[in-house]
Amino acid sequence: TYGTTRPSIIGVREFFQLDVKAADAKEAFAALVRAFKPDVVVNCVAISDLGQAERESEAAEKVNVPAWLVDALPPTCFLVHLSTDIVYNGRQANAVESQADPICVYGRTKLAGEQYIIQHHPNHIILRSALIYGPAPFLGTSKSSFIQATSNSAQSDKPMGVFTDEYRTPVYMWDIVNTIRALIVRRAEWTMEDRVFNMGGPDRVNRYEMSHLVLQVQQRSSDILQKKLASEITFGYQRPLDVSMDSSRLYALLTEVPFTPISAAVAEVLTGKGKL
């Protein structure tokens, strides 16, 4: 399904438009479930922009707490739900799953979404995704990663402000794909009660270090990067600074899925090896 712009993805035979903010979203999704009888659903839908979530809190709650989806699923359907590292308060590095303590609307609604799934659909896995990066997005999607943003600034010789006090454990898009595939293939094995997992990459880096790495791989000057402190900027809402995560539980569960170091993944993307 898609929201507003139909994507173009090789190998996908059918797309269905679904406005999850609409009053009839639950009925519309239920009709799709009845028609296709899915064995697996992967939910990536979210209002993820922190500022937008603050401005449109009612919409953020409707989208990020996916009752419209969960209530339509039969118990036999395996649900993989993508949550976020923004459920953490940003005051300690390498957070573990039990430390969720959101400080903004986006984080609170995503945590509420996790809780709704846990209470109403036991056949699930929830993945708290870190900042996602990878090749340029599909046609029909507009969100790109720090790789594209940094490369575009370098090509136009445009100064780029980057925070030195916001830390993440960025996760490579192909590692997410391989994780979800492995979870689906082995879904009959999952008998554990706690089904919420951090899904971050192996490296804790700040936003300046991310962009500097891109320029280093491209053998470009880092002079365009302007160091800034997020803690000194007034956003109008609370913004967690360090949402780096300890993902060792997921790594131990899926030993067959190696998580790529950020330096290797950025090089792969920039040389075209990681293209879609």
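This briefing walks through a parallel sheet, the helix packed on it, and a pair of helices in contact. The model is a predicted one, so please read the geometry below in that light. Four strands make up an open sheet, with parallel pairing throughout the order β1-β2-β3-β8. Elsewhere in the briefing, helices α8 and α10 come within 10 Å of each other, axis to axis.

**The sheet**
- The edge positions belong to β1 (40–43) and β8 (196–199); each has a single partner strand, so one side of each lacks a neighbour in the sheet.
- On average, neighbouring strands are turned by 20° against each other, ignoring direction.
- Strands β2 (residues 78–84) and β3 (residues 124–129) pair in the parallel sense through six bridges.
- If you would like a register to check, His81 has Ile126 in β3 as its bridge partner.

**The helix on the sheet**
- Helix α5 (residues 105–120) packs on this sheet and touches β2, β3 and β8.
- The direction of α5 makes about 160° with that of β2.

**The α8 and α10 pair**
- Helix α8 spans residues 207–217 and helix α10 spans residues 262–270, and their axes cross at roughly 50°.
- The two helices are therefore oblique to each other, and their crossing is right-handed.
- From α8, the contact is made by Met210, Leu213, Val214 and Val217.
- From α10, Ile262, Ser263, Val266, Ala267 and Leu270 take part.
- By residue class, the contact of α8 with α10 has eight nonpolar residues, one polar and no charged.

How values were computed:
Residues are numbered from 1 along each chain as its sequence is written. This is a predicted model: local features need pLDDT of at least 70, side-chain atom pairs count only at pLDDT 80 or more; totals for chains, interfaces and linings use all residues. Side-chain values use heavy atoms; hydrogens and water are left out. Axes are lines fitted to C-alpha atoms, for helices over the stretch in contact, and angles run from 0 to 180 degrees between N-to-C directions. Angles under 35 degrees count as roughly parallel, over 145 as roughly antiparallel, 65 to 115 as roughly perpendicular and the rest as oblique. A crossing is left-handed if the near helix is turned anticlockwise from the far one by less than a right angle, and right-handed if clockwise. Contact means heavy atoms within 4.5 Å. Ala, Val, Leu, Ile, Met, Phe, Trp, Tyr, Cys and Pro count as nonpolar, Asp, Glu, Lys and Arg as charged, and the others, Gly among them, as polar. Two strands pair if DSSP finds at least two bridges between them.
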